[in-house]
Amino acid sequence: MLPSIKTSSPDETARLGEKLGILLRSGDVVCLSGDLGAGKTRFTQGLAVGLGVSGPVTSPTFTIVNEYPQGRLPLYHMDVYRLNDHQEMEDIGYEEYFYSSGVTVIEWAERVIELLPVERLDIVISRCPEGEDIRSVTLIPHGEGPAALVKELMDFVCTGD
Ligand code: ADP
Ligand code: MG
């Protein structure tokens, strides 16, 4: 079964993102999927805190990618919701982000699935019927590095704050 974590508030989702941000390594790619309002941006804001990015992280809806160079590793935050075609990804030079030594987080990643690196961590955030603020966060690693990362994150979630 895939590891899945329930959160019951926006802050809890951000804290989970923060824990992942603390563990991330150079070159990691995190692909976020989930409906509008699921919590992808909230999760990314926490992840940025974990990387040591100071200042607010906002959704890059109109620019496709925002760059935050101030943290422990550079963070590249993409949102491909409004992408019209893959040419726009070519135009921003997406491969230079995906295969960089920084960390790339992509909201709505399933929309560019053909372009994603083979080695990556997919995260699906879904609303739950138990309550309006409940989310399930499912971790789907592709490759050995991401699998190790998921294991570390699950240990981190279980052992403390
Ligand atoms: P997305 O980027 O997936 O469209 P956002 O992170 O921008 O979503 O917004 C998530 C919305 O859902 C926010 O308004 C947030 O307050 C709300 N919310 C309620 N419960 C949660 C939760 N458990 N985790 C994350 N967001 C939540
Ligand atoms: Mg968003």
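Helices, runs of H or I with at least four residues, and strands, runs of E with at least two, are taken from DSSP and numbered from the N terminus. By this naming, Glu 132 belongs to strand β7. The structure shown in all the views below is a predicted model.

**Figure 1. The residues around ligand 1.** The shell around ligand 1 is made up of 16 residues, and the closest of them are Thr 13, Gly 37, Lys 40, Thr 41 and Asp 133. By class, the shell holds 3 nonpolar, 7 polar and 6 charged residues. Helix α2 makes the greatest contribution to the shell, with 3 residues.

**Figure 2. Polar atoms facing ligand 1.** The side chain of Thr 13 places an N or O atom 2.6 Å from a nitrogen atom of ligand 1. A polar backbone atom of Arg 42 lies 2.9 Å from an oxygen atom of the ligand. The side chain of Arg 135 has an N or O atom at 3.2 Å from an oxygen atom of ligand 1. Of the 580 Å² of accessible area that ligand 1 has on its own, the protein covers 74%. Two or more residues of the shell come from each of α1 (10–23), α2 (40–51) and β7 (131–142).

**Figure 3. Thr 13 in helix α1.** Thr 13, one of the closest residues to ligand 1, is located in helix α1. Thr 13 counts as buried because its relative accessibility is 4%, and the limit for a buried residue is under 20%. Besides the 2.6 Å approach to a nitrogen atom of ligand 1, the side chain of Thr 13 makes a polar contact of 2.7 Å with the side chain of Thr 7.

**Figure 4. Glu 132 in strand β7.** Glu 132 is part of strand β7, an element that gives two or more residues to the shell around ligand 1. With a relative accessibility of 72%, Glu 132 counts as exposed. The C-alpha atom of Glu 132 is separated by 9.2 Å from that of Ser 9, although the two residues are 123 residues apart along the chain.

**Figure 5. The aromatic pair of Tyr 76 and Tyr 97.** A pair of aromatic rings is described by the distance of the centres and the angle of the planes. In this model the count comes to 4 aromatic pairs. One of them joins Tyr 76 and Tyr 97 in an edge-to-face arrangement, with 5.0 Å from centre to centre and 70° between the planes. The pair connects distant parts of the chain, since Tyr 76 lies in strand β4 (residues 75–79) and Tyr 97 in helix α4 (residues 94–98), 21 residues apart. Tyr 76 is buried, at 14% relative accessibility, and Tyr 97 is likewise buried, at 12%.

**Figure 6. The aromatic pair of Phe 98 and Tyr 99.** Phe 98 and Tyr 99 form an edge-to-face pair, with centres 6.5 Å apart and planes at 70°. The two partners fall on opposite sides of the accessibility scale: Phe 98 is buried, with a relative accessible area of 2%, whereas Tyr 99 is exposed, with a relative accessible area of 54%. Ring pairs link Tyr 94, Phe 98 and Tyr 99 into a cluster.

**Figure 7. Trp 108 and the lysine over its ring.** Trp 108 lies in the loop between β5 (103–107) and β6 (120–128). Its relative accessibility is 9%, so Trp 108 counts as buried. Lys 40, one of the closest residues to ligand 1, lies over the face of Trp 108, at 4.3 Å from the ring centre. Most residues other than glycine have a negative phi. Trp 108, which is not a glycine, has a positive phi of about 65°.

**Figure 8. Lys 19 over Phe 156.** In a second view of a charge over a ring, the charged end of Lys 19 sits over the ring of Phe 156. The distance to the ring centre is 5.5 Å.

**Figure 9. Ile 64 in its loop.** Ile 64 is located in the loop between α2 and β3 (65–68). Ile 64 is not a glycine, yet its phi is positive, at about 70°. Ile 64 counts as buried, at 10% relative accessibility.

**Figure 10. Leu 83 and Val 65.** Leu 83 occupies the loop between β4 and α3 (86–92). The residue is buried, with a relative accessible area of 16%. Leu 83 and Val 65 are 18 residues apart along the chain, and 11 Å separates their C-alpha atoms.

Definitions and conventions:
Residues numbered from 1 in each chain as written. Chains lettered and ligands numbered in written order. Predicted model: local features only at pLDDT ≥ 70, side-chain atom pairs only at ≥ 80, totals over all residues. Heavy atoms only, no water. Near = heavy atom within 4 Å. Polar contact = N/O pair within 3.5 Å; in protein donor to acceptor, adjacent residues only side chain to side chain. Areas by Shrake-Rupley, 256 points an atom, 1.4 Å probe, with all protein chains shown as cover. Nonpolar A, V, L, I, M, F, W, Y, C, P; charged D, E, K, R; others polar. Phe/Tyr/Trp six-rings, centres within 6.5 Å; stacked < 30°, edge-to-face > 60°. Buried < 20%, exposed > 50% of the residue type's maximum accessible area, 1.4 Å probe, protein only. Lys NZ or Arg CZ within 6 Å of the ring centre and 35° of its normal.
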